[in-house]
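Colleague: I am new to this structure and would appreciate a guided tour. Could we go through it together, one topic at a time?

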Amino acid sequence: MAEIHGLGSSMKRKEDARFIQGKGNYIDDHKLPGMLWLDIVRSPYAHAKIKSIDTSKAAKIPGVLGFITGKDLEKYNLHWMPTLAGDKQMVLPIDTVKYQSQEVVAVIATDRYTAADGVAAVEVEYEPLPVVVDPHKALEPGATKVRDDKESNRIWHWEVGDQDGTEAVFKNAATVVKEKIYIPRIHVASMETCGCLADWDGVNKQLTFYVTSQAPHIYRTVLALVAGHVGLSEENIRVVSPDLGGGFGGKVPVYPGYVLAVAASVLLGHPIKWIEDRSENLAADSFARDYHINAELAADKDGHIIGMRMDTVADHGYSDAQAAPSKFPAGMFHIATGSYDFQKAFMKVDGVYTNKPPGGVAYRCSFRVTEAVHAIERMVDIMAHERGEDPAEFRMKNFIKAEQFPYMSALGWEYDSGDYHKALKLAMDMVGYADLRKEQAEKRARGELMGIGISSFTEIVGAGPAHQFDIIGLKMFDSCEIRVHPTGKAVARFGTKSQGQGHETTYAQIIAQELGIPAEYIKIEEGDTDTAPYGLGTYASRSTPTAGAAAAVAARKLRDKARKIAAHLLECAEEDLVWDADRFHVKGSPTKVKTIQELVFAAYTNYPADMEGGFEATHYYNPPNLTYPFGSYICVVDIDRGTGQVTTRRFVAVDDCGTRINPMIVEGQIHGGLTQGFAPAMMEEMQYDADGNLYGGTFMDYMVPTAVESPKWEVGETVTPSPHHPIGAKGVGESPTVGAPPAFANAVVDALWHLGVRHVDIPITAPKVYALLKKHGAALEE
Amino acid sequence: MSTHHIHVTINGTLHHADVESRLLLVHFIRDNLNMTGTHIGCDSSSCGACTVHLNGRAVKSCTVLAVQANDGEITTVEGLATNGALHPIQEGFHQCHALQCGFCTPGMMMSSVALLTGNPNPTEDEIRWGLSGNLCRCTGYNNIVKAVQYAAEKMKS
């Protein structure tokens with residue numbers, strides 16, 4: 001009999017076989033008979049009137065078969081579509097473009113080369129209009145209005161906390177520190193871009209839509225809502241999300257190209273494929289972050305934090321196209337009180353329109369947690385330095401204590417469990433903190449620059465409880481359906497969608513743990529809305545907290561059924577049965593046994609008269625609370641005074657994500673997440689000039705780290721299970737991306753504080769550091 | 001656009017085709033021959049997802065024209081395993097958890113094999129530099145380095 005491989009087993013991944021043999025099935029690998037290609041003419045301007053569109057030359061190219069413009073879509077009222085944040089965005093413009101690379105005309109042709117020829121031959125005449133790129137300027141009176149359908153560039157204003165109470169503690173504080181912190185616009189840059197293949201069957205009025213989606217069920221419902229009036233009815237829409245080459249939040253939004261492909265398939269009666277190239281992906285798909293934060297922190301005379309204020313401007317580009325839960329326009333940004341015990345805080349955020357691509361996706365981040373963690377961890381470090389206290393000791397003094405959990409934060413989150421002291425202590429032991437501080441002092445005496453940076457973050461993931469969390473009204477539960485076949489082998493389907501997280505392995509392990517069926521005999525399926533139960537998808541580290549919980553609960557329903565069958569077969573009372581890994585035995589009679597395989601077989605062949613046959617269960621899990629993973633990271637850097645180059649010498653990451661289902665996969669996610677924290681901290685940024693032109697629209701200038709730049713990660717763990725999750729797991733995918741950036745920034749500032757440097761915005765590039773060294777008289781010059 | 005007749009051996013099988021002069025090798029392999037294990041991740045030779053071996057050297061097939069491969073011998077990820085037995089690099093990627101979404105994996109493995117062919121005993125730094133033309137967004141590279149070390153060991157024996 002095969003090994004069960006339940007919780008805690010680092011079994012090798014089931015999904016690997018196809019990926020290592022070139023048999024993955026990604027969107028661009030799909031091909032259908034009669035398939036045509038769609039490509040898109042995009043705007044070179046960030047804001048311009050469209051004076052004319054001339055497709056006549058393009059139409060003469062052999063193989064170019066058709067065009068779609070905004071005016072074509074307007075006839076069907078399909079030129080606008082809703083965003084998941086409740087705003088709307090153009091599918092194609094009628095007369096004005098609002099950001100560079102905006103879609104203007106769709107070209108359909110026989111193959112991808114001809115479609116590109118067609119795009120090149122379409123002539124669009126523009127009249128450039130004034131551009132607003134800076135969100136602060138966008139809020140000034142008289143600023144160019146980005147949206148004609150809105151009163152102003154302010155999308156929303158959101159506040160949380162006790163303003164008066166916070167003001168009062170700031171008045172009485174012994175130390176107040178303030179800083180402007182910018183979290184730059186970045187891009188998920190998954191290795192696979194986005195794309196789709198729309199296949200409209202005009203006879204049966206059936207749409208099969210293959211698409212790179214982290215949330216296929218939401219897509220189906222959105223398609224039905226957008227195009228219901230032209231005959232797309234939800235029972236006739238099948239969304240299939242195939243293997244995804246990474247997602248990280250970028251494959252949650254619905255992009256105009258998807259709607260265009262569907263429209264083209266309906267209009268031309270052929271399957272239509274649209275695959276964006278890398279430049280389109282970087283320039284037009286949803287970006288992440290772009291938060292301008294004014295942060296303040298107050299401490300009393302003993303160095304206890306007593307209050308926090310943040311005033312933030314959130315740049316959403318031309319539309320609020322984030323996928324945030326509807327009640328939280330700034331997501332979970334108010335987790336910003338972090339790992340610290342204080343009760344007065346106040347935050348306000350203004351969402352702003354600018355002439356930049358729409359978005360604000362939760363890039364490997366549970367809705368603005370990255371921004372929150374960066375702000376609080378930078379401020380705590382500034383406070384410690386300002387007061388002349390060691391940043392580690394300062395954190396230890398201010399942490400919420402293990403015995404205070406469950407802990408109600410100043411801004412209303414109930415932290416489920418944690419032991420912050422233990423995690424930081426372990427990280428300090430692993431890195432050799434005391435010795436590093438000695439070394440730093442010696443080096444500083446010799447004029448060498450070395451820094452030690454700490455980040456002790458608290459995450460908030462697993463959205464979410466139905467009373468608080470919904471996206472366009474859809475409650476954020478998730479689901480699992482388990483069917484066990486007569487021979488004791490199972491298939492389980494979920495509302496989530498793996499993008500590399502390893503669901504085919506970890507979900508099987510959860511069910512294996514609960515039912516005793518070996519994980520290798522449990523086939524996991526996701527992404528086909530015709531077969532999978534409804535769920536809101538995979539992002540915000542929600543798969544394990546929601547669908548993973550649903551798997552455990554559904555499996556427990558089946559174990560209850562197995563118990564009834566066992567009592568029937570063994571002729572005993574249900575209460576007299578003891579469960580042991582994969583079998584029931586009668587209490588006191590270990591030889592009177594029925595294994596799960598025997599019990600499942602009996603569910604089809606010999607079950608009690610008052611029982612339904614078969615062995616299936618479904619559960620839609622509504623989490624009672626969010627989960628709160630945490631950790632402490634310590635980064636050690638050396639800085640070259642001649643170049644400003646920052647070298648990461650060590651990076652120790654202690655993560656606590658509660659119960660670890662597959663430790664190998666958890667560790668792999670931490671490595672990857674840390675690298676996606678390193679990237680924005682040290683390398684990546686989407687910059688725009690004053691005219692709204694993107695610098696860095698290819699991988700030659702948007703600097704994704706290679707194996708050479710990426711630090712060598714050292715990981716450690718503590719385990720503090722979630723008290724409310726069925727298996728105690730919290731979710732881990734995002735913790736390292738969220739927790740790592742401030743560790744880098746704090747390390748760099750730690751190296752430079754004695755020179756008078758208080759803060760440096762990420763990405764911390766060599767030129768930026770060299771400029772700081774020059775400004776503070778510490779640069780070595782030729 | 002001129003059309004050219006080419007013959008290319010891919011994973012031991014000879015293919016004849018008439019192709020446009022501008023057709024990229026990666027599209028020839030993927031679209032014309034339906035071998036979709038070789039991926040496209042960028043358009044600027046930056047990511048390496050399209051790496052294949054052309055006449056024994058690792059090349060980025062998004063930056064090679066199909067006509068340039070005329071008379072050439074190509075190995076793609078589909079040709080790594082022999083008679084159903086995985087190549088040591090494939091084993092290494094599986095054993096060391098060196099892949100997550102799997103999209104960069106074929107190119108990463110093809111570059112790794114080319115690296116090990118030229119340098120059977122690479123140091124960690126040599127592995128990292130050897131793979132610096134391939135981007136991975138999921139793994140953070142730690143485990144990819146281990147997978148290459150695993151394969152290096154295995155290929156010695």
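Modeller: Certainly; please bear in mind that this is a predicted model. A good starting point is H17 of chain A, where 18 of the 20 residues are buried, so this helix is largely enclosed by the rest of the structure.

Colleague: Where is H17 of chain A in the sequence, and what is its reach from first C-alpha to last?

Modeller: Helix H17 of chain A covers residues 663–682. The distance from its first C-alpha to its last is 28 Å, close to the 28 Å expected at 1.5 Å a residue.

Colleague: Which residues touch the most other members of the largest nonpolar core?

Modeller: That core has 308 residues, and those touching the most other members are A:Val107, A:Ile511, A:Ala551, A:Ile634, A:Phe744 and A:Val748. Helix H15 of chain A, residues 543–570, supplies the largest share of this core, with 11 residues. As a general background, nonpolar side chains in soluble globular proteins tend to be buried together.

Colleague: What does A:Phe744 touch, leaving out residues up to four places away in sequence?

Modeller: A:Phe744 touches A:Gly453, A:Cys635, A:Phe678, A:Ala681, A:Met682 and A:Ile764.

Colleague: Let us change topic. How is chain A divided into domains?

Modeller: The assignment gives domain 1 as 16–22 + 478–621, domain 2 as 31–129 + 194–275, and domain 3 as 288–463 + 625–775. Between domain 2 and domain 3 of chain A, the contact takes 18 residues from domain 2 and 23 residues from domain 3. On the domain 2 side of chain A there are 7 nonpolar, 8 polar and 3 charged residues.

Colleague: And how far apart do the C-alpha centres of those two domains lie?

Modeller: The centres of domain 2 and domain 3 of chain A lie 37 Å apart.

Colleague: Another residue caught my eye, A:Tyr219. Is A:Tyr219 buried or exposed?

Modeller: A:Tyr219 counts as buried, because it has 23 C-beta neighbours inside 10 Å and the threshold for a buried residue is 20 or more. A:Tyr219 lies in helix H7 of chain A, residues 216–227. Apart from neighbours within four places in sequence, A:Tyr219 is in contact with A:Val211, A:Ser213, A:Val239 and A:Val254.

Colleague: Now chain B, please. What helices and strands does it have, and in what pattern?

Modeller: Chain B has 5 helices and 5 strands, and along the sequence they follow the pattern β-β-α-β-β-β-α-α-α-α. Its C-alpha atoms fill a box of roughly 45 × 30 × 25 Å along the principal axes. The radius of gyration of chain B is 15 Å, which agrees with the value near 15 Å for a compact globule of 157 residues. Buried residues make up 56% of the 157 residues in chain B.

Colleague: What are the domains of chain B, and which elements of domain 1 touch domain 2 with two or more residues?

Modeller: Chain B is divided into domain 1 (3–79) and domain 2 (88–156). Their contact takes 15 residues from domain 1 of chain B and 11 residues from domain 2 of chain B. On the domain 1 side, the elements giving two or more residues are strand S3 (51–54) and strand S4 (57–60) of chain B. S3 of chain B gives the most, with 3 residues.

Colleague: Finally, how many residues does each chain give to the contact between chain B and chain A?

Modeller: The contact takes 42 residues from chain B and 42 residues from chain A. On the chain B side, helices H2 (88–95), H3 (105–118), H4 (124–130) and H5 (142–156) are the elements that give two or more residues. The residues of that side divide into 19 nonpolar, 18 polar and 5 charged.

Definitions and conventions:
Residues are numbered from 1 along each chain as its sequence is written. Chains are lettered from A and ligands numbered from 1 in the order in which they are written. This is a predicted model: local features need pLDDT of at least 70, side-chain atom pairs count only at pLDDT 80 or more; totals for chains, interfaces and linings use all residues. Helices (H or I, at least four residues) and strands (E, at least two) are DSSP runs, numbered from the N terminus. The expected span of a helix is 1.5 Å times one less than its number of residues. A residue is buried if 20 or more other C-beta atoms lie within 10 Å of its own, exposed if 12 or fewer, and partly exposed in between; C-beta atoms are placed from the backbone. A nonpolar core is a set of buried Ala, Val, Leu, Ile, Met, Phe, Trp, Tyr and Cys residues joined through C-beta atoms within 7 Å. Two residues are in contact if their C-beta atoms, placed from the backbone, lie within 7 Å. Domain bounds come from an automatic or database domain assignment. Ala, Val, Leu, Ile, Met, Phe, Trp, Tyr, Cys and Pro count as nonpolar, Asp, Glu, Lys and Arg as charged, and the others, Gly among them, as polar. The radius of gyration is taken over C-alpha atoms; the globule rule is 2.2 Å times the number of residues to the power 0.38.
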